[in-house]
Amino acid sequence: MPEQFWAQLLSVAAPMSLVRQRATVIPANAQTIKIPSLDQTTAQTAGSPPYYGGVILTWTGEAVSIGSTQPGFRQTVVDLHELTGYTPVSRTLLQYSPISLEPLIYNLFGGAVSWAEDYAFLRGNGVGKPLGVLDPTVAARIKTSDRGSSTAVTFANFTDMWVKVLPESQNVGAWFVSKAVEAQVLKATGTANSVFFPTGVYMANSVEINAGPANGASGVMIFMRPVLVSTKLPGADVDGDINFFDFSKYVIADGGPPEIASSDDYLFRTNERAFRVVHRVGGAPWLNSYITMEDASTTLSPFVSMGIH
């Protein structure tokens with residue numbers, strides 16, 4: 001019997017990038033970039049807000065000498081790292097395949113780069129790769145008190161996280177949840193005074209409607225912020241499985257689009273073509289610590305994770 005080849009490649013769609021579209025992306029033309037920022041993480045005395053970097057005003061009477069204060073500044077240093085890939089492909093396959101393989105390989109490389117950098121922005125240790133927000137050395141991330149069960153989460157657990165989120169981040173951040181705990185999150189909707197909203201619920205102060213999986217896990221929102229589910233996060237009851245992140249406080253140093261090239265020379269004897277991708281990128285949270293509020297004791301952050309059991 002003759003053989004038939006279906007001229008379409010079947011594949012499962014790759015997950016979308018979580019971090020890059022939400023981060024602060026800075027073009028980088030050098031190996032290292034230094035980003036100036038206002039020092040808002042040094043704790044001030046009670047009654048002094050942290051937002052102005054140490055500029056403190058005082059109430060004085062007429063003809064009274066005015067004390068001087070000055071803002072503090074610091075630098076966030078981000079290094080570029082190289083992400084590379086290489087694959088050989090038979091020239092015979094390239095020539096006779098009913099699928100146009102060369103553009104397919106380019107697309108596969110592009111998707112693989114997006115996945116790899118996203119994983120590093122979340123979980124990288126900063127050694128030869130970006131520093132991920134979940135790395136233990138990131139002092140800006142706050143972890144709440146331990147959840148009461150390794151197999152279930154509660155409304156109270158989410159409330160404990162929400163109150164530790166920086167107010168400005170509550171309006172722009174999102175919940176980042178491991179696929180391994182998606183069921184736990186959805187089952188928590190049965191609690192009293194639930195703040196979970198199902199598909200089709202109108203979002204206050206917005207023209208948007210929570211339309212479904214594209215905006216969150218099964219169209220669910222918590223405290224009116226979308227729930228994004230990913231396999232790139234750790235497993236159930238492992239630090240970093242349930243988080244609230246505002247990635248506008250994460251800096252990506254972008255060395256440009258991935259460079260994808262091919263060559264016939266190296267594998268000439270085996271009649272293969274070599275494809276190579278090189279991508280230069282760096283990343284790190286630009287806050288060096290959490291922020292202490294004006295009561296000199298409450299600590300808040302754009303990066304908050306639920307404590308494990």
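This report describes the fold, the nonpolar cores, one central strand and a few surface features of a predicted protein model.

Because the model is predicted, local features are reported at a pLDDT of at least 70 and side-chain atom pairs at pLDDT 80 or more, while totals for chains, interfaces and linings use all residues. Residues are numbered from 1 along each chain as its sequence is written, and side-chain values use heavy atoms, with hydrogens and water left out.

**Overall picture**

The protein contains 5 helices and 16 strands, where helices (H or I, at least four residues) and strands (E, at least two) are DSSP runs numbered from the N terminus. Of its 309 residues, 42% are buried; buried means under 20% relative accessible area, exposed means over 50%, and partly exposed lies in between, with a 1.4 Å probe and protein chains only. A contact means heavy atoms within 4.5 Å, and among contacts between residues at least 6 apart in sequence, 75% join residues at least 24 apart. The accessible surface comes to about 17,000 Å², of which 57% belongs to carbon and sulfur atoms; such areas come from the Shrake-Rupley method with a 1.4 Å probe, and for residues only the protein chains shown count as cover.

**The nonpolar cores**

A nonpolar core is a set of buried Ala, Val, Leu, Ile, Met, Phe, Trp, Tyr and Cys residues joined through side-chain atoms within 4.5 Å. The largest one has 29 residues, and those with the most contacts inside it are Val19, Phe176, Phe245 and Phe247. Two or more residues each come from β2 (32-38), α2 (101-123), β6 (174-178), β11 (250-254) and β13 (272-285), and β11 gives the most, with 4 residues. Leaving aside neighbours within four places in sequence, Phe247 touches residues that include Val19, Leu122, Val133, Phe176 and Phe303. A second, separate core of 18 residues includes Trp175, Val181, Val304 and Met306.

**Strand β13 and its partners**

Strand β13 is largely enclosed by the rest of the structure, because 11 of its 14 residues are buried. The table lists strands that pair with β13, where pairing requires that DSSP finds at least two bridges between two strands.

| Strand paired with β13 | Sense | Bridges | A bridge partner pair |
|---|---|---|---|
| β4 (81-90) | antiparallel | 10 bridges | Pro88 and Ala274 |
| β11 | antiparallel | 5 bridges | Tyr250 and Pro285 |
| β12 | antiparallel | 5 bridges | Ser263 and Ala274 |

Ala274 therefore appears with two partners, Pro88 in one pairing and Ser263 in another.**Loops and surface**

Asn271 has a positive phi of about 55° although it is not a glycine, and this residue lies in the loop between β12 (259-263) and β13. Asn271 counts as partly exposed, at 38% relative accessibility. Ala296, likewise not a glycine, has a positive phi near 65°; Ala296 is placed in the loop between β14 (291-292) and β15 (299-300) and is partly exposed, with a relative accessible area of 38%.

Elsewhere on the surface, Tyr52, Val55 and Leu57 make a nonpolar patch of about 340 Å². Patches are made of residues with over 30% relative accessible area and no salt bridge, with like charges joined within 9 Å and nonpolar side chains (Val, Leu, Ile, Met, Phe, Trp, Tyr) within 5 Å; a salt bridge is a side-chain nitrogen of Lys or Arg within 4 Å of a carboxyl oxygen of Asp or Glu. Leu57 is in the loop between β2 and β3 (73-79), and with a relative accessible area of 77% it is exposed.
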